[in-house]
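Biologist: Could you take me through this model one feature at a time, with the general idea followed by the case at hand?

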Amino acid sequence: MVSKLNRSPRQTALVTGGSGGIGLELAKVLARHHFDLVLVARKRDTLEAAAGQLEGKYGITAHVFAADLREPDAPQTIFDFATNETIEINVLVNNAGFGLGGEFVETDVKRELDMIQVNVSALTHLTKLFVPPMVKRQSGRVLNVASTAAFQPGPLMAVYYATKAYVLSFSEALAEELRNTGVTVTALCPGPTATSFAEAAEMTNSRLFKTFGVADAASVSEYGFDAMMRGKRLAIPGIRNKIVAQANRLAPRALSARLARLAQETR
Ligand SMILES: NC(=O)c1ccc[n+]([C@@H]2O[C@H](COP(=O)([O-])OP(=O)(O)OC[C@H]3O[C@@H](n4cnc5c(N)ncnc54)[C@H](OP(=O)(O)O)[C@@H]3O)[C@@H](O)[C@H]2O)c1
(Lines give C-alpha, C1' and ligand atoms only; values in the text may rest on other atoms or scores of the structure.)
Protein backbone atom coordinates (compact mmCIF):
# COMPACT_ATOMS: atom_id res chain seq x y z
CA MET A 1 0.00 0.00 0.00
CA VAL A 2 1.32 3.46 -0.86
CA SER A 3 1.67 5.70 2.19
CA LYS A 4 -0.46 8.84 2.15
CA LEU A 5 2.20 10.69 4.16
CA ASN A 6 3.24 13.10 1.45
CA ARG A 7 -0.29 14.24 0.57
CA SER A 8 -1.43 15.89 3.81
CA PRO A 9 -0.62 19.59 4.23
CA ARG A 10 0.89 19.54 7.73
CA GLN A 11 2.78 16.62 9.26
CA THR A 12 4.39 16.27 12.68
CA ALA A 13 7.50 14.30 13.62
CA LEU A 14 8.36 13.34 17.19
CA VAL A 15 12.12 13.09 17.79
CA THR A 16 13.51 11.64 21.01
CA GLY A 17 16.91 13.04 21.88
CA GLY A 18 16.00 15.94 19.60
CA SER A 19 18.04 18.51 21.52
CA GLY A 20 21.54 17.48 20.44
CA GLY A 21 23.73 15.28 18.28
CA ILE A 22 22.10 13.15 15.58
CA GLY A 23 18.59 13.86 16.93
CA LEU A 24 18.96 17.63 16.57
CA GLU A 25 20.35 17.22 13.05
CA LEU A 26 17.40 14.95 12.17
CA ALA A 27 15.07 17.61 13.57
CA LYS A 28 16.74 20.21 11.33
CA VAL A 29 16.28 18.04 8.22
CA LEU A 30 12.64 17.37 9.14
CA ALA A 31 12.02 21.10 9.73
CA ARG A 32 13.63 21.95 6.39
CA HIS A 33 11.12 19.57 4.81
CA HIS A 34 8.27 21.43 6.57
CA PHE A 35 7.50 18.95 9.33
CA ASP A 36 6.26 20.37 12.62
CA LEU A 37 8.11 18.83 15.54
CA VAL A 38 7.78 17.45 19.03
CA LEU A 39 11.26 17.38 20.56
CA VAL A 40 11.86 15.17 23.59
CA ALA A 41 14.92 15.08 25.88
CA ARG A 42 15.67 15.62 29.57
CA LYS A 43 16.92 19.24 29.64
CA ARG A 44 14.06 21.64 29.00
CA ASP A 45 16.27 24.72 28.40
CA THR A 46 18.29 22.94 25.68
CA LEU A 47 15.06 21.70 24.11
CA GLU A 48 13.54 25.18 24.13
CA ALA A 49 16.67 26.70 22.59
CA ALA A 50 16.61 24.09 19.80
CA ALA A 51 12.87 24.54 19.20
CA GLY A 52 13.22 28.34 19.04
CA GLN A 53 16.07 28.08 16.56
CA LEU A 54 14.13 25.67 14.31
CA GLU A 55 10.91 27.70 14.43
CA GLY A 56 12.80 30.90 13.56
CA LYS A 57 14.77 29.40 10.71
CA TYR A 58 12.16 27.12 9.09
CA GLY A 59 8.79 28.65 10.05
CA ILE A 60 7.50 25.42 11.57
CA THR A 61 5.94 24.75 14.99
CA ALA A 62 8.23 22.93 17.42
CA HIS A 63 6.71 21.64 20.67
CA VAL A 64 9.00 20.50 23.46
CA PHE A 65 8.40 17.82 26.06
CA ALA A 66 10.97 17.25 28.79
CA ALA A 67 11.08 13.59 29.78
CA ASP A 68 13.66 11.17 31.11
CA LEU A 69 13.37 7.97 29.11
CA ARG A 70 15.09 6.08 31.92
CA GLU A 71 11.72 6.35 33.69
CA PRO A 72 9.47 3.45 32.62
CA ASP A 73 6.33 5.61 32.45
CA ALA A 74 7.96 8.32 30.26
CA PRO A 75 6.67 6.93 26.91
CA GLN A 76 3.08 6.99 28.18
CA THR A 77 3.46 10.61 29.40
CA ILE A 78 4.81 11.59 25.97
CA PHE A 79 1.90 9.86 24.24
CA ASP A 80 -0.60 11.51 26.63
CA PHE A 81 0.98 14.94 25.95
CA ALA A 82 0.55 14.51 22.19
CA THR A 83 -3.02 13.24 22.65
CA ASN A 84 -4.03 16.08 25.01
CA GLU A 85 -2.52 18.69 22.66
CA THR A 86 -4.26 16.95 19.70
CA ILE A 87 -0.94 16.56 17.91
CA GLU A 88 -1.09 13.74 15.38
CA ILE A 89 2.32 12.07 15.13
CA ASN A 90 3.02 11.09 11.53
CA VAL A 91 6.72 10.34 11.97
CA LEU A 92 8.27 8.74 15.05
CA VAL A 93 12.04 9.06 15.40
CA ASN A 94 13.37 6.87 18.20
CA ASN A 95 16.82 8.40 18.44
CA ALA A 96 17.62 8.92 22.15
CA GLY A 97 20.20 6.48 23.40
CA PHE A 98 23.55 6.22 25.08
CA GLY A 99 26.44 3.80 25.61
CA LEU A 100 28.96 2.88 28.26
CA GLY A 101 32.47 1.52 27.70
CA GLY A 102 34.43 -0.79 29.98
CA GLU A 103 34.87 -4.35 31.17
CA PHE A 104 31.44 -5.79 31.99
CA VAL A 105 32.66 -7.07 35.37
CA GLU A 106 33.55 -3.48 36.33
CA THR A 107 30.90 -1.27 34.74
CA ASP A 108 28.05 0.27 36.73
CA VAL A 109 24.98 -1.95 36.55
CA LYS A 110 22.61 0.99 37.19
CA ARG A 111 23.88 2.80 34.09
CA GLU A 112 23.58 -0.39 32.05
CA LEU A 113 20.04 -1.12 33.18
CA ASP A 114 19.15 2.53 32.43
CA MET A 115 20.71 2.02 28.99
CA ILE A 116 18.49 -0.98 28.33
CA GLN A 117 15.51 1.08 29.48
CA VAL A 118 16.30 4.00 27.14
CA ASN A 119 17.76 2.17 24.11
CA VAL A 120 15.39 -0.82 24.16
CA SER A 121 12.33 -0.51 26.41
CA ALA A 122 11.42 3.15 25.78
CA LEU A 123 11.95 2.70 22.03
CA THR A 124 9.68 -0.35 22.06
CA HIS A 125 7.05 1.32 24.24
CA LEU A 126 6.91 4.49 22.11
CA THR A 127 6.56 2.37 18.99
CA LYS A 128 3.76 0.39 20.65
CA LEU A 129 1.90 3.62 21.46
CA PHE A 130 2.39 5.64 18.28
CA VAL A 131 2.28 2.98 15.54
CA PRO A 132 -1.31 1.68 15.97
CA PRO A 133 -2.83 5.12 15.16
CA MET A 134 -0.53 5.26 12.10
CA VAL A 135 -1.79 1.86 10.95
CA LYS A 136 -5.37 3.05 11.44
CA ARG A 137 -4.60 6.07 9.23
CA GLN A 138 -2.72 3.82 6.78
CA SER A 139 0.16 6.27 6.88
CA GLY A 140 3.27 6.81 8.95
CA ARG A 141 7.00 6.42 9.27
CA VAL A 142 9.23 5.16 12.05
CA LEU A 143 12.98 5.80 12.13
CA ASN A 144 14.81 3.80 14.79
CA VAL A 145 18.42 4.82 15.39
CA ALA A 146 20.45 1.63 15.82
CA SER A 147 24.19 1.54 15.02
CA THR A 148 26.79 -0.45 13.14
CA ALA A 149 27.22 -1.98 16.64
CA ALA A 150 24.03 -3.91 15.81
CA PHE A 151 25.89 -6.27 13.48
CA GLN A 152 28.39 -7.82 15.90
CA PRO A 153 28.99 -8.61 19.58
CA GLY A 154 30.84 -5.71 21.26
CA PRO A 155 33.31 -6.64 23.98
CA LEU A 156 34.15 -3.64 26.23
CA MET A 157 30.76 -2.18 25.35
CA ALA A 158 28.82 -5.41 25.61
CA VAL A 159 25.47 -4.10 26.79
CA TYR A 160 25.39 -1.21 24.30
CA TYR A 161 26.08 -3.46 21.29
CA ALA A 162 23.39 -5.87 22.51
CA THR A 163 20.83 -3.04 22.78
CA LYS A 164 21.54 -2.01 19.20
CA ALA A 165 21.25 -5.61 17.95
CA TYR A 166 17.78 -5.56 19.52
CA VAL A 167 16.88 -2.28 17.79
CA LEU A 168 17.91 -3.63 14.39
CA SER A 169 16.15 -6.99 14.81
CA PHE A 170 12.98 -5.38 16.19
CA SER A 171 12.88 -2.77 13.42
CA GLU A 172 13.35 -5.29 10.60
CA ALA A 173 10.71 -7.61 12.04
CA LEU A 174 8.20 -4.79 12.52
CA ALA A 175 8.87 -3.47 9.01
CA GLU A 176 7.87 -6.87 7.66
CA GLU A 177 4.76 -7.06 9.88
CA LEU A 178 3.67 -3.64 8.66
CA ARG A 179 4.24 -4.37 4.98
CA ASN A 180 1.13 -3.25 3.06
CA THR A 181 -0.17 -1.06 5.91
CA GLY A 182 1.20 2.27 4.65
CA VAL A 183 3.53 2.44 7.67
CA THR A 184 7.26 1.91 7.17
CA VAL A 185 10.05 1.23 9.65
CA THR A 186 13.68 2.17 8.97
CA ALA A 187 16.70 1.21 11.07
CA LEU A 188 19.46 3.81 10.78
CA CYS A 189 22.85 2.29 11.58
CA PRO A 190 25.53 4.99 11.85
CA GLY A 191 29.17 4.26 12.55
CA PRO A 192 31.20 6.55 14.85
CA THR A 193 29.73 10.06 14.59
CA ALA A 194 30.90 13.37 16.05
CA THR A 195 28.43 14.09 18.89
CA SER A 196 28.50 13.98 22.71
CA PHE A 197 28.02 10.20 22.54
CA ALA A 198 31.69 9.09 22.88
CA GLU A 199 32.33 11.33 25.86
CA ALA A 200 29.13 10.19 27.64
CA ALA A 201 30.15 6.57 26.96
CA GLU A 202 33.72 7.19 28.21
CA MET A 203 34.98 5.96 24.83
CA THR A 204 36.81 9.02 23.43
CA ASN A 205 40.15 7.18 23.58
CA SER A 206 38.99 4.00 21.87
CA ARG A 207 40.55 3.03 18.52
CA LEU A 208 37.05 3.26 17.04
CA PHE A 209 36.77 6.98 17.75
CA LYS A 210 40.49 7.89 17.57
CA THR A 211 41.72 5.94 14.56
CA PHE A 212 38.84 5.16 12.24
CA GLY A 213 37.53 8.69 11.67
CA VAL A 214 34.11 9.97 12.61
CA ALA A 215 31.21 11.07 10.41
CA ASP A 216 29.41 14.35 10.94
CA ALA A 217 25.94 14.16 12.44
CA ALA A 218 24.39 16.32 9.70
CA SER A 219 25.29 13.96 6.84
CA VAL A 220 24.27 10.89 8.88
CA SER A 221 20.89 12.51 9.53
CA GLU A 222 20.39 13.55 5.93
CA TYR A 223 21.05 9.95 4.87
CA GLY A 224 18.68 8.56 7.50
CA PHE A 225 15.89 10.99 6.59
CA ASP A 226 16.17 10.15 2.92
CA ALA A 227 16.06 6.39 3.62
CA MET A 228 13.06 6.84 5.91
CA MET A 229 11.13 8.87 3.35
CA ARG A 230 11.83 6.19 0.75
CA GLY A 231 10.56 3.52 3.16
CA LYS A 232 13.88 1.66 3.22
CA ARG A 233 14.23 -0.90 6.02
CA LEU A 234 17.97 -0.47 6.56
CA ALA A 235 20.13 2.65 6.25
CA ILE A 236 23.89 2.36 6.81
CA PRO A 237 25.60 5.70 6.08
CA GLY A 238 29.09 5.49 4.54
CA ILE A 239 30.72 2.91 2.32
CA ARG A 240 33.13 1.69 5.02
CA ASN A 241 30.28 1.11 7.45
CA LYS A 242 28.32 -0.79 4.78
CA ILE A 243 31.29 -3.07 4.09
CA VAL A 244 31.95 -3.68 7.79
CA ALA A 245 28.27 -4.47 8.43
CA GLN A 246 28.09 -6.96 5.55
CA ALA A 247 31.44 -8.54 6.51
CA ASN A 248 30.15 -9.03 10.05
CA ARG A 249 27.08 -10.81 8.70
CA LEU A 250 29.37 -13.36 6.99
CA ALA A 251 32.23 -13.66 9.49
CA PRO A 252 32.35 -16.24 12.32
CA ARG A 253 30.87 -14.60 15.44
CA ALA A 254 34.03 -15.19 17.51
CA LEU A 255 36.12 -13.36 14.90
CA SER A 256 33.59 -10.50 14.81
CA ALA A 257 33.79 -10.21 18.59
CA ARG A 258 37.61 -10.22 18.53
CA LEU A 259 37.73 -7.45 15.92
CA ALA A 260 35.13 -5.38 17.78
CA ARG A 261 37.23 -5.74 20.92
CA LEU A 262 40.28 -4.37 19.08
CA ALA A 263 38.20 -1.39 17.92
CA GLN A 264 36.89 -0.73 21.42
CA GLU A 265 40.29 -0.91 23.12
CA THR A 266 42.06 2.26 24.15
CA ARG A 267 44.58 3.43 21.66
N1 LIG B 1 27.52 9.24 17.97
C2 LIG B 1 27.81 8.02 17.57
O3 LIG B 1 29.00 7.66 17.35
C4 LIG B 1 26.68 7.04 17.31
C5 LIG B 1 26.94 5.95 16.46
C6 LIG B 1 25.92 5.04 16.22
C7 LIG B 1 24.68 5.22 16.80
N8 LIG B 1 24.47 6.28 17.63
C9 LIG B 1 23.13 6.42 18.25
O10 LIG B 1 22.58 7.66 17.87
C11 LIG B 1 21.62 8.07 18.85
C12 LIG B 1 21.87 9.53 19.21
O13 LIG B 1 23.15 9.62 19.81
P14 LIG B 1 24.07 10.91 19.67
O15 LIG B 1 25.38 10.45 19.18
O16 LIG B 1 23.35 12.00 18.95
O17 LIG B 1 24.20 11.26 21.24
P18 LIG B 1 24.23 12.66 22.02
O19 LIG B 1 24.95 13.70 21.25
O20 LIG B 1 24.74 12.28 23.38
O21 LIG B 1 22.68 13.07 22.11
C22 LIG B 1 21.79 12.33 22.90
C23 LIG B 1 20.42 12.97 22.90
O24 LIG B 1 19.52 12.12 23.65
C25 LIG B 1 19.03 12.83 24.78
N26 LIG B 1 18.96 11.89 25.90
C27 LIG B 1 20.00 11.25 26.49
N28 LIG B 1 19.55 10.51 27.53
C29 LIG B 1 18.21 10.70 27.58
C30 LIG B 1 17.18 10.23 28.45
N31 LIG B 1 17.46 9.45 29.51
N32 LIG B 1 15.90 10.62 28.24
C33 LIG B 1 15.62 11.44 27.19
N34 LIG B 1 16.53 11.92 26.34
C35 LIG B 1 17.82 11.56 26.54
C36 LIG B 1 20.02 13.98 25.01
O37 LIG B 1 19.45 15.11 25.66
P38 LIG B 1 19.43 15.27 27.28
O39 LIG B 1 20.82 15.01 27.75
O40 LIG B 1 18.93 16.66 27.54
O41 LIG B 1 18.45 14.25 27.76
C42 LIG B 1 20.37 14.32 23.57
O43 LIG B 1 19.35 15.10 22.99
C44 LIG B 1 21.77 7.09 20.02
O45 LIG B 1 20.74 6.14 19.97
C46 LIG B 1 23.12 6.45 19.78
O47 LIG B 1 23.19 5.16 20.33
C48 LIG B 1 25.43 7.20 17.89
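Biologist: In which loop is the place of L156?

Modeller: L156 sits in the loop between β5 (140–145) and α5, where helices (H or I, at least four residues) and strands (E, at least two) are DSSP runs numbered from the N terminus. This is a predicted model, in which local features need pLDDT of at least 70 and side-chain atom pairs count only at pLDDT 80 or more, whereas totals for chains, interfaces and linings use all residues. Residues are numbered from 1 along each chain as its sequence is written, and side-chain values use heavy atoms, with hydrogens and water left out.

Biologist: How should I read phi there, and what is the value for L156?

Modeller: Most residues other than glycine have a negative phi. In L156, however, phi is near 75°, a positive value in a residue that is not glycine. L156 counts as buried because its relative accessibility is 16% (buried means under 20% relative accessible area, exposed over 50%, partly exposed in between, with a 1.4 Å probe and protein chains only). T86 also has a positive phi, near 45°, and is placed in the loop between α3 (74–84) and β4 (91–94). T86, at 72% relative accessibility, counts as exposed.

Biologist: Which residues lie closest to the ligand, and how many surround it?

Modeller: The shell (residues with a heavy atom within 4 Å of the molecule) holds 29 residues, and the closest are S19, R42, N95, Y160 and T195. By class the shell residues divide into 13 nonpolar, eleven polar and five charged, where Ala, Val, Leu, Ile, Met, Phe, Trp, Tyr, Cys and Pro count as nonpolar, Asp, Glu, Lys and Arg as charged, and the others, Gly among them, as polar.

Biologist: Which polar atoms of D68, L69 and Y160 lie at short range from the ligand, and at what distances?

Modeller: For a polar contact, look for a pair of N or O atoms within 3.5 Å; within protein, one must be able to donate a hydrogen and the other to accept it, and residues adjacent in sequence count only if both atoms are side-chain atoms. A polar side-chain atom of D68 is 2.9 Å from a ligand nitrogen, and a polar backbone atom of L69 is also 2.9 Å from a nitrogen atom of the ligand. With Y160, an N or O atom of the side chain lies 2.7 Å from an oxygen atom of the ligand. The ligand taken alone exposes 890 Å², of which the protein buries 94% (accessible areas come from the Shrake-Rupley method with a 1.4 Å probe; for residues, only the protein chains shown count as cover). The elements giving two or more residues to this shell are α1 (21–32) and α5.

Biologist: How many aromatic pairs does the structure hold?

Modeller: There are seven aromatic pairs, a pair being rings of Phe, Tyr and Trp (its six-membered ring) with centres within 6.5 Å, where planes under 30 degrees apart count as stacked, over 60 as edge-to-face and the rest as tilted. One of them joins Y160 and F197, whose ring centres are 5.2 Å apart and whose planes stand at 50°, so the pair is tilted. Because Y160 lies in helix α5 (residues 158–177) and F197 in helix α6 (residues 197–200), the pair ties together parts 37 residues apart in sequence. Y160 is buried, at a relative accessible area of 7%, and it forms one aromatic cluster with Y161, F197 and F209.

Biologist: How many salt bridges does the structure hold?

Modeller: Side chains of opposite charge can pair when their charged atoms come close. The structure holds 14 salt bridges, each a side-chain nitrogen of Lys or Arg within 4 Å of a carboxyl oxygen of Asp or Glu. In the bridge between R70 and D68, the closest N and O atoms are 2.6 Å apart, and R70 is partly exposed, at 34% relative accessibility. For R207 and E265 the corresponding distance is 3.4 Å. This pair links distant parts of the chain, with R207 in helix α7 (residues 207–210) and E265 in the segment after α10 (253–264), 58 residues apart. Both count as partly exposed, with relative accessible areas of 28% for R207 and 23% for E265. Elsewhere, salt bridges that share partners join E176, R179 and R233 into one network.
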